[in-house]
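Colleague: Could you take a close look at one part of this model with me? I would like to hear about one buried charged residue and its surroundings, and then whatever helps to place that part in the wider picture.

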Amino acid sequence: MGFMMKLLLRHLLSTTLFIAGTVFAGGDYIRPPPRKTLSFPWDQKPSSQPQQVHISLAGDKHMRVTWVTNDGASPSIVEYGTSPEKYSATAQGESTKYSYLLYSSGKIHHTVIGPLQENTTYFYKCGGEGPEFQLKTPPSKFPVTFAVAGDLGQTGWTKSTLDHIDQCKYDVHLLPGDLSYADYLQHRWDTFGQLVQPLASSRPWMVTQGNHEKESIPFLKDGFVSYNSRWKMPFEESGSASNLYYSFDVAGVHFVMLGSYTPYDEYSDQYSWLKADLLKVDRRRTPWLVVLFHVPWYNSNRAHQGEGDDMMSSMEHLLYAAGVDIVFAGHVHAYERTKRVYNGKSDRCGAVHITIGDGGNREGLAHWYKQPPPEWSVFREASFGHGELKMVNSTHAYWSWHRNEDDESVQSDQVWLTSLIGSGCNTGGGSHDMRRILMAS
């Protein structure tokens, strides 16, 4: 088959799949016009030069470095040290690649480096050649700051969001699903990696999957092949059997990343893993407990109404029993913050839910909200932006949301949050009541 015929078939198939995904998305919500997608000029690099470099946490005092090369013989090694061009250590990793219809990925390298010192700048080189990168490890104690933005995509608004995040001082980026919006067009995973490399190569990006990562084709392709190949998270390090759900610690915060698009009922592996993970939480060591997943449970926007109800019905009581402080979600292309809630109403022992699916996706904003707002909804706005979560100490954190239209220093929504530690609510695996509830679930 000729090259032009393959290109035509690829375009027709991708267009058909995209239209099907748009038409059958469900619900009565009509999206506003899409934003302009970024274009990426062709940049021919040596086949062995590392591309799409990003880092993620990989267990205690370790970091995973991921990159792509077009040369299948390129080694999966990372040289690193605390001085420029002077590398005191070398780590050997693994590699993978995948095919998706007419597309074949480059060689995808995953190499874990460490042990690393806390709050320290490291210089590193991937595969023995190419440019030198630098990263900063997070601190092991408070204060610690997280940048939060979901539903990124690759538009002019995405670039604006990333530029704003680049101006803030943060230690880790949290992304609750919908990364590249490749939607079956596999080269868009490559351009996304290129777009985020300046930020994702210098601070760890911790992500979970959204609906746009699924990319399954009945009888031909399982879901999440591209996502799992490119964005390997520390699932094995946290006792999970799937890259779609895992946990990790940063300073005094325990994070749980859940999958909205993998089974979550009480008989599922994810449910069993979640119970086991929550039972191991020691709130004396990690006084803050934060959860991320894609589809929001508390949503007063007319978009995606009710889509999170089944997962909420299965898992909310587990999060409540464990004393989860904050839940981040995406999916709805707008911003919303709630009071502490549980079982559909305000509850002082429940979690604060924050929907932040406003990173810049091509589908536009979700402008329409239910009126009047529910009693649990505190702030809501359909604007692109990002959030910053600063854990000041074991009891207090400061949350702020920044819309893209404003300068980075402008805070459109802000609130001081208090941990459930010392609140009289059930918190941590050491709590007798919490352990009893979780074991009985």
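Modeller: Happy to! This is a predicted model, and I would start with Arg340, which is buried, with a relative accessible area of 15%. Arg340 counts as buried because its value is under the 20% cut-off. The side chain of Arg340 meets that of Asp325 in a salt bridge, at 3.5 Å from N to O. This pair links distant parts of the chain: Arg340 belongs to strand β18, while Asp325 sits in the loop between α6 (309-322) and β17 (326-329), 15 residues apart. Asp325 is buried too, at a relative accessible area of 0%.

Staying in the strand, Glu336 is also placed in β18, which covers residues 335-342. Glu336 is buried, with a relative accessible area of 3%. What does Glu336 touch beyond its neighbours within four places in sequence? Its contacts include Tyr298, Asn299, Ser300 and Asn301, then His353, Ile354 and Thr355, and also Tyr369, Trp376, Ser377, Phe379 and Arg380. For Tyr298, the C-alpha atom is separated from that of Glu336 by 9.0 Å, with the two residues 38 apart along the chain.

Now for the wider picture of salt bridges, whose count comes to 16. Arg230 forms one with Asp190, where the closest N and O atoms are 3.1 Å apart. Here again distant parts of the chain are linked, with Arg230 in helix α4 (residues 225-230) and Asp190 in helix α3 (residues 187-200), 40 residues apart. Arg230 counts as buried, at 4% relative accessibility.

A pair within one helix is formed by Lys159 and Asp163, whose side chains meet in a salt bridge of 3.0 Å, N to O. Both lie in helix α2 (residues 156-167), four residues apart, which is about one turn of the helix. Are these two buried or partly exposed? Lys159 counts as partly exposed at 38% relative accessibility, and Asp163 counts as partly exposed at 34%.

Finally, a word on the surface. Leu101, Leu102, Phe219 and Leu220 make a nonpolar surface patch of about 490 Å². Within this patch, Leu102 is found in the loop between β6 (99-100) and β7 (103-104), and Leu102 is partly exposed, with a relative accessible area of 41%.

Definitions and conventions
Residues numbered from 1 in each chain as written. Predicted model: local features only at pLDDT ≥ 70, side-chain atom pairs only at ≥ 80, totals over all residues. Heavy atoms only, no water. Patch = residues over 30% accessible without salt bridge, like charges linked within 9 Å, V, L, I, M, F, W, Y side chains within 5 Å. Areas by Shrake-Rupley, 256 points an atom, 1.4 Å probe, with all protein chains shown as cover. Salt bridge = Lys/Arg side-chain N within 4 Å of Asp/Glu carboxyl O. Helix = DSSP H or I, 4+ residues; strand = E, 2+ residues; numbered from the N terminus. Buried < 20%, exposed > 50% of the residue type's maximum accessible area, 1.4 Å probe, protein only. Contact = heavy atoms within 4.5 Å.
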